[in-house]
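These are my notebook entries on the strands and sheets of one chain. I also looked up where the confidence of the predictor falls.

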Amino acid sequence: MKRMKNMKRERNRKVTALLLASAMTAGMLAGCGQDGGTQGNAPASADGDTSAQGAAEVSPNLQGVENELTMQVEGEVDSDKVLTTLINCGDSLSFNGNPWDEAAGPNWSIKPFMYDTLAHFSPLPERTFECSLLESYTYEDKVLTLKLLPDLKWSDGSVLDAEDVLTNYYCQLNYSSLWGYLDTIEKKDDLTLELKFCSESPLILNLALGGYQNFICTPDEIYSKWADQFKDIADNERYFDEETNRWKYTDEGTARITEVNQDMLAYKPVPEDVVCSGPYVISSHNTSEIMFSINEQYRKKPLITSIRGLNPGDSQAFLTAILAGEYTIENGGLNTDTSAQIDGKFGDTMRKVFVPELSQIGYTMNTQIYPLDKLEVRQAISKAIDRQSLLAVSEPGSFSGSAENAGLIPSFEEGFLKEGFKDTLISYSYDPEGAAQLLESIGWSRDGSGKWVDESGTAPAITIATIGTWPSFMMTGEAIATMLTEFGLNIDFQPMDFGVWSTHATSDEKMMVCTFVAGAPTYAYPWECFNDLFNANVRTGWQAFEGKDKIFTDPVTNEEYNTTEMLTELFNTTDEARRTELIEDFMTLSNHLCGYVSVIEKTAPTRIYDTSLHLAETEMNAVQANYYYFGDLNTMIAKMLADDLIYFVKE
């Protein structure tokens with residue numbers, strides 16, 4: 001048994017090596033479920049190991065369960081049972097069916113059931129795009145040709161064809177980087193689209209096929225009035241920037257995009273009335289759950305006929321639901337003690353796997369609001385947080401985030417950086433004495449009660465907003481608030497409902513807010529980390545930029561960084577040396593700005609409670625390197641549904 005466990009630990013340590021090895025691909029790609037290009041591997045260490053620093057040096061808590069169960073279960077399919085999984089639909093009063101409404105529409109936990117995608121993506125065990133709505137695709141000489149399956153239909157019975165996919169691409173104008181690299185898009189016939197790009201980046205396929213925005217969710221009959229306006233902007237309000245090899249928008253085009261998008265977001269259909277392309281439609285919903293029933297027009301009947309999406313509620317409600325046997329499968333946040341309690345109760349009947357999320361939980365800091373506009377305050381906050389202690393209240397499978405707040409998830413550090421580079425960065429490891437010295441350097445002092453006051457004698461309140469119904473955020477947020485309060489800062493801890501938090505986290509009044517910062521689940525590549533941190537994540541607290549480009553001034557060196565141009569170059573480059581240089585520049589800027597606190601990187605423990613549920617084969621109690629077990633839970637379920645690999649058997 002000991003030898004087996006050691007082998008599992010070694011396998012877990014090697015998972016990120018596979019991620020790095022599959023990150024870069026060039027050349028011709030054809031068909032479906034294939035990646036015919038050559039692999040441009042990340043730089044390897046002397047022994048050829050590209051495994052991550054986080055995985056190699058700070059082992060996550062991979063507490064498994066030992067029993068005789070297997071992932072695959074023999075028997076006749078039981079089509080009557082309901083699968084209950086984890087979802088989040090926010091407040092039922094605001095929940096609506098607009099897939100572009102990030103605050104109150106179908107989100108990442110709901111879309112995989114309602115909408116089909118052109119192709120499913122996974123970087124493990126190798127970079128793969130498995131066709132779903134597509135019959136085939138080819139990508140050669142910067143031209144991507146898509147061929148849809150014939151006889152596709154929407155849930156209302158209307159035809160789903162290339163015109164609908166074209167509409168979907170145009171509606172992405174405000175949401176995806178795709179249009180920065182897309183020269184033209186043309187409908188060749190009812191089933192065929194041709195996309196021509198200005199870049200040879202290996203990430204083009206992620207943008208065009210497997211990205212989160214490529215759920216086909218916009219019937220042309222409904223969304224054409226907005227798609228036509230976006231098309232006009234793409235055709236007439238873009239210009240090609242020769243210096244960056246990228247398409248940009250005119251000022252008028254940018255303003256029009258905002259105007260059209262706001263009008264599109266005003267469309268709020270009833271969730272039960274939404275026209276869907278995926279295997280299910282919403283049959284009912286309330287604040288506690290969403291019921292999904294089969295889309296009778298879908299091209300194949302899934303072996304699971306009904307899905308119940310259950311909102312977790314707060315930590316106690318979530319635990320109560322688990323202990324009551326409500327869930328078939330879930331991967332919600334549990335601290336180590338609670339996880340051990342669950343393992344003890346269900347150890348004989350539960351199966352568990354650890355799924356790479358390539359996500360980093362962090363707390364952004366609003367650099368435009370007092371006192372967080374002072375670099376020394378942000379640095380002091382970072383040094384007053386004991387990240388290692390946070391692991392004790394984080395869910396199993398977590399390991400420590402970047403002590404440098406440098407933007408890159410720890411899993412990528414060793415594979416993409418020069419040896420010794422991290423030694424050049426400021427460390428924000430737990431150092432309360434150093435934190436105190438930083439505050440004293442700007443005239444702060446402790447009053448008679450030990451609380452920090454500024455030079456005017458005031459103890460500025462610092463709010464920390466977190467999602468109270470998400471245990472991973474709630475547990476770390478509460479612990480951080482306690483640490484900072486004990487350090488002497490005036491902390492106002494504010495757990496919030498998801499919808500309230502979403503509004504607050506994008507407002508000018510926010511101070512510190514939780515979010516998944518600088519993750520890389522869609523591309524499995526560093527560009528995604530920095531694009532999220534400096535460009536796409538609307539919950540970061542950077543200053544507003546008047547020009548088209550975002551230009552940051554390093555508060556330590558006073559050097560200027562045009563992150564817009566840097567992101568474009570990092571997206572496009574195939575030169576490993578230049579790639580490393582850009583990544584290190586981004587990390588230096590992030591480290592010096594100290595605009596967010598990196599807390600943990602996650603591998604999500606997925607727990608399967610129903611012994612009659614058949615799933616895709618894999619090794620249990622291990623970090624996965626498997627096509628089906630990557631990304632968020634319901635996308636994993638959708639992949640298995642597509643291949644008839646998840647179903648109940650009769651007991």
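**Entry 1: the sheet with S28 and S29**

I began with strand S29, residues 647-649, and found that 2 bridges join this strand to S28 in an antiparallel run. The model I am reading is a predicted one. For a residue pair across these strands, I noted His614, which stands opposite Tyr647 in S29.

I then looked up the sheet to which the two strands belong. It is an open sheet of 3 strands, with the order S4-S29-S28 and antiparallel pairing. Strand S4 (77-78) and strand S28 (613-614) are its edge strands, and each pairs on one side only.

**Entry 2: the sheet of 4 strands**

I turned next to another open sheet, in which 4 strands follow the order S5-S16-S15-S14 with mixed pairing. Which strands stand at the edges? I recorded strand S5 (82-86) and strand S14 (280-285); each has a single partner strand, so one side of each is left without a neighbour in the sheet. From one strand to the next, the twist averages 25 degrees.

**Entry 3: S14 and S15**

I examined how S14 meets strand S15, which covers residues 289-294: the two run antiparallel and 5 bridges join them. The connection from S14 to S15 is a hairpin through 3 residues.

I looked up two residue pairs across these strands. Ser284 has Met291 of S15 opposite it, and His285 stands opposite Ile290 in S15. I add a general remark for reading such pairs: in a regular strand, side chains alternate between the two faces of the sheet.

**Entry 4: the helix on the sheet**

Which helix packs on the sheet of S5, S14 and S16? I identified helix H19, residues 633-642, which touches S5, S14 and strand S16 (306-310). The direction of H19 makes about 145 degrees with that of S5.

**Entry 5: confidence along the chain**

I closed with the pLDDT values. The chain averages 89, and 90% of the residues score at least 70. Where is the pLDDT below 50? I noted residues 20-29 as one such stretch, with 45 contacts in the model beyond near neighbours in sequence. Residues 34-58 are also below 50, and this stretch has 65 contacts in the model, again counted beyond near neighbours in sequence.

Terms used:
Residues are numbered from 1 along each chain as its sequence is written. This is a predicted model: local features need pLDDT of at least 70, side-chain atom pairs count only at pLDDT 80 or more; totals for chains, interfaces and linings use all residues. Side-chain values use heavy atoms; hydrogens and water are left out. Two strands pair if DSSP finds at least two bridges between them. Axes are lines fitted to C-alpha atoms, for helices over the stretch in contact, and angles run from 0 to 180 degrees between N-to-C directions. Contact means heavy atoms within 4.5 Å. pLDDT is the predictor's confidence in each residue, from 0 to 100.
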